[in-house]
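Thank you all for coming. I would like to spend a few minutes walking through one structure, which is on the screen in a moment, and I will go from one region to the next.

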Amino acid sequence: MDSQRKEMVGELMRRNGLAALLFWRPDELVMMLGYMPLWGVSVLLYPADGEAVLFVPELEPEDILPKGVIVKRYPWGVPDGNDPWEVLYSAIKKELFKRGLADGAVSFTKSIGGSAPCRMSGEQPPLPGDLVQRLEGVCAGGWRETDGELLRLYDQKTPTDIAGLEKTHRVAARAVEVFYREVGGGHTEAMLAAMIEMAVQETNGRGESALLRRGQWCNPVRIPRMQAGSTEAPVR
């Protein structure tokens, strides 16, 4: 986590007398950790004392998880008989209790509106209807409004943010370049997608396509459709 952003968040918490902040919207997780969740049900607990903890669903791929933060999984997507959301709320409360922060106040942005979608945006699961109320209850002191200050965290770009934006522009430009170069070449949709992703991965320093390797975590709906031949017609 960027040291400048840590200082900004710490000052916000001290100014408002908060025990913790919760970040659960995908764009917030990118801002705080440089991490874009696959399923959109990850929650970052940022306590006033001690290390931050990122709670992710059991199905979240290991290779996209951020470095330098404690990661704990909860059984979302695992048919083990437990309510995954109850497990998550209890785990957050336990972490706050361990730090002596259980009686304080918590703050977070309540609305998902205006947030970026997760990676699996076409299959993003519905959130519980009482999510906001349950997150308000993780601290005995309840929820404290800091929406304006949380939104202002986006205004100031750290050196890490700027480097990330520059890299994003390079990667996007490379993807567009490959698309326009290859779209008229008689390729199937699947092959065109693989060529674009290969170029993106090479630009990103990984050098392999998730569409062409086994064990991929890319969209599980697209792969069977490709195999079934529904994308066999050339893209024009």
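When I say that residues pack against an element, I rely on contact, and contact here means heavy atoms within 4.5 Å. With that in hand, the buried residues of α2 pack against α1, β1, β2 and β3. Please keep in mind throughout that what you are looking at is a predicted model.

Let me stay with α2 for a moment. Seven of its eight residues are buried, so this helix is mostly covered, where buried means under 20% relative accessible area. The buried ones are Pro26, Asp27, Glu28, Leu29, Met31, Met32 and Leu33, and just after α2 the backbone at Gly34 takes a positive phi of about 65°.

Stepping back to the whole protein, the secondary structure comes to eight helices and five strands, and from the N terminus on the elements run α-β-α-β-β-β-α-β-α-α-α-α-α. Of the 236 residues, 42% count as buried. If we take the contacts with a separation of 6 or more, residues 24 or more positions apart account for 62% of them.

Now to the interior. As a general background, nonpolar side chains in soluble globular proteins tend to be buried together. In this model the largest nonpolar core has 51 residues, and the members that touch the most others are Leu21, Leu22, Phe23, Leu44 and Ile92. The elements giving two or more residues to this core are α1, β1, α2, β2, β3, α3 and α4, and the largest share, five residues, comes from α3.

Which residues does Leu22 contact, once its neighbours within four places in sequence are left aside? The list is Glu28, Val43, Leu44, Leu45, Ile92, Val106, Ser107, Phe108, Leu135 and Val138. Apart from the largest core lies another core, of six residues, among them Val178, Val183, Leu192 and Ala199.

Two of those names bring us towards the C-terminal helices, since Leu192 and Ala199 are also listed among the buried residues of α7, together with Ala194, Ile196, Glu197 and Gln201. These buried residues of α7 pack against α6, which covers residues 159-182. As for the geometry of α7, its 15 residues, 189-203, should span 21 Å at 1.5 Å a residue, and because its end C-alpha atoms are 21 Å apart, the model agrees with that expectation. Just after α7, Gly205 takes a positive phi of about 85°.

I would next like to look at two single residues, beginning with Glu149, which lies in helix α5, residues 147-152. Is Glu149 buried or exposed? Its relative accessible area is 16%, and because the cut-off for buried is under 20%, Glu149 counts as buried. The side chain of Glu149 is joined to that of Arg15 by a polar contact of 2.6 Å. Leaving aside neighbours within four places in sequence, Glu149 is in contact with Leu12, Arg15 and Asn16.

The other residue is Pro47, in strand β2, and with a relative accessible area of 4% Pro47 is buried as well. Not counting residues up to four places away in sequence, Pro47 touches Met13, Ala19, Ala20, Ala52, Arg99 and Leu101. Pro47 and Glu95 are 48 residues apart in sequence, while their C-alpha atoms are 8.8 Å apart in space.

Finally, a word on empty space. The second largest pocket has a volume of about 290 Å³ and is lined by 15 residues, of which Lys6, Tyr46, Gly50, Glu51 and Ala52 lie nearest its centre. Both α1 and β2 supply at least two residues each to that lining, and the largest share, five residues, comes from α1.

How many cavities of 30 Å³ or more does a search of the whole structure find? The search finds one, and about 40 Å³ of space lies in the largest cavity. The residues that line the largest cavity are Trp24, Gly40, Val41, Ser42, Val43, Trp85, Leu127 and Leu131.

That is the end of my walk through the model, and I am happy to go back to any of these regions on the screen.

How values were computed. Residues numbered from 1 in each chain as written. Predicted model: local features only at pLDDT ≥ 70, side-chain atom pairs only at ≥ 80, totals over all residues. Heavy atoms only, no water. Helix = DSSP H or I, 4+ residues; strand = E, 2+ residues; numbered from the N terminus. Expected span 1.5 Å × (residues − 1). Buried < 20%, exposed > 50% of the residue type's maximum accessible area, 1.4 Å probe, protein only. Polar contact = N/O pair within 3.5 Å; in protein donor to acceptor, adjacent residues only side chain to side chain. Core = buried A, V, L, I, M, F, W, Y, C linked by side-chain atoms within 4.5 Å. 1 Å grid on protein atoms, 1.4 Å probe; cavity = no way out; pocket = protein on both sides within 12 Å on 5 of 7 lines; lining within 4 Å. Points joined across faces, edges and corners; volume = space filled by probe spheres on them.
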